[in-house]
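Thanks for passing this one along; here are my notes, in numbered points. Have the structure open as you read, and follow along residue by residue.

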Amino acid sequence: MESPFRVFADRAVVVPEEPLGWSALLGMGAVVAAELVAGLALGWLVDRLAGTAPVFLLVGVLLGIAAAVTYTVVEFRKYLRN
């Protein structure tokens, strides 16, 4: 059996053995939603504890969006390298 690791540009990358299906897309959607909610919740909590305006709420949302975009790019690159 072949190893699931291949070397691309001097780094090991896990290459999925099955094509992108509904379950993988639903899993990615759930992770993206969780990252956005976590950024929102943490920003709200910091604002609440610090007694500030929605400054940290906006920062948390932006960090959640950045995390979601990064995760999506990393996951889709696994499928585009085949």
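1. Let me begin with a residue that catches the eye. Trp-22 is in helix H1, and its relative accessible area of 71% makes it exposed, because the cut-off for that class is over 50%. Please keep in mind throughout that this is a predicted model.

2. Trp-22 has company. Together with Leu-20, Leu-25, Phe-76 and Leu-80, Trp-22 makes up a nonpolar surface patch with about 550 Å² of accessible area in total. Two elements each give two or more residues to the nonpolar patch: helix H1 (22–50) and helix H2 (55–80).

3. Leu-20 deserves its own look. This residue sits in the loop that joins strand S2 (11–14) to H1, and at 33% relative accessibility Leu-20 counts as partly exposed. If neighbours within four places in sequence are set aside, Leu-20 touches Leu-25, Met-28, Phe-76 and Tyr-79. Leu-20 and Lys-78 are 58 residues apart along the chain, yet their C-alpha atoms are separated by 9.8 Å.

4. Now the overall layout. The protein chain has two helices and two strands, and reading along the sequence gives the pattern β-β-α-α. Of its 82 residues, 15% count as buried. The accessible surface of the chain is about 6200 Å², with 72% of that belonging to carbon and sulfur atoms. Among contacts with a separation of 6 or more, 52% involve residues 24 or more positions apart.

5. How confident is the predictor, and where is its confidence lowest among the elements? The average pLDDT of the protein chain is 84, and 76% of the residues score at least 70. Strand S1 (residues 5–8) has the lowest mean pLDDT of the elements, 54, while H1 has the highest, 93. I would keep those two values in view when reading the other points.

6. A geometry check on H1 comes out well. Its 29 residues, at 1.5 Å a residue, should span 42 Å, and the end C-alpha atoms are indeed 42 Å apart, so expectation and model agree. After H1 comes Gly-51, which has a positive phi, near 70°.

7. The same check works for H2. With 26 residues at 1.5 Å a residue, H2 should span 38 Å; the C-alpha atoms at its ends are 37 Å apart, which agrees.

8. Which residues of the two helices are buried? In H1 they are Ala-24, Met-28, Gly-39, Gly-43 and Asp-47, and the cover over these buried residues includes H2. In H2 they are Gly-60, Gly-64, Ala-68 and Glu-75, and here the cover includes H1. Each helix therefore takes part in covering buried residues of the other, by the 4.5 Å contact cut-off.

9. One pair spans the two helices elsewhere. Leu-45 lies in helix H1 and is partly exposed, with a relative accessible area of 40%. The C-alpha atoms of Leu-45 and Gly-60 are 9.8 Å apart, with the two positions 15 residues apart along the chain counted as their separation.

10. Glu-75 is the residue I would ask you to look at twice. Glu-75 is found in helix H2, and it counts as buried because its relative accessibility of 16% falls under the 20% cut-off. Glu-75 and Met-28 are 47 residues apart in sequence, but 8.1 Å apart in space, C-alpha to C-alpha. Met-28 is itself among the buried residues of H1.

11. Where does the carboxylate of Glu-75 find a partner? The side chain of Glu-75 meets that of Lys-78 in a salt bridge, at 3.1 Å from N to O. The count by this rule comes to one salt bridge.

12. The spacing of that pair fits helix geometry. Glu-75 and Lys-78 both lie in helix H2, three residues apart, about one turn of the helix. An α-helix has 3.6 residues a turn, so residues three or four places apart point the same way. The two partners fall into separate accessibility classes: Glu-75 counts as buried at 16%, whereas Lys-78 counts as partly exposed at 24% relative accessibility.

Conventions
Residues numbered from 1 in each chain as written. Predicted model: local features only at pLDDT ≥ 70, side-chain atom pairs only at ≥ 80, totals over all residues. Heavy atoms only, no water. Helix = DSSP H or I, 4+ residues; strand = E, 2+ residues; numbered from the N terminus. Buried < 20%, exposed > 50% of the residue type's maximum accessible area, 1.4 Å probe, protein only. Areas by Shrake-Rupley, 256 points an atom, 1.4 Å probe, with all protein chains shown as cover. Patch = residues over 30% accessible without salt bridge, like charges linked within 9 Å, V, L, I, M, F, W, Y side chains within 5 Å. Salt bridge = Lys/Arg side-chain N within 4 Å of Asp/Glu carboxyl O. Expected span 1.5 Å × (residues − 1). pLDDT = per-residue confidence, 0-100.
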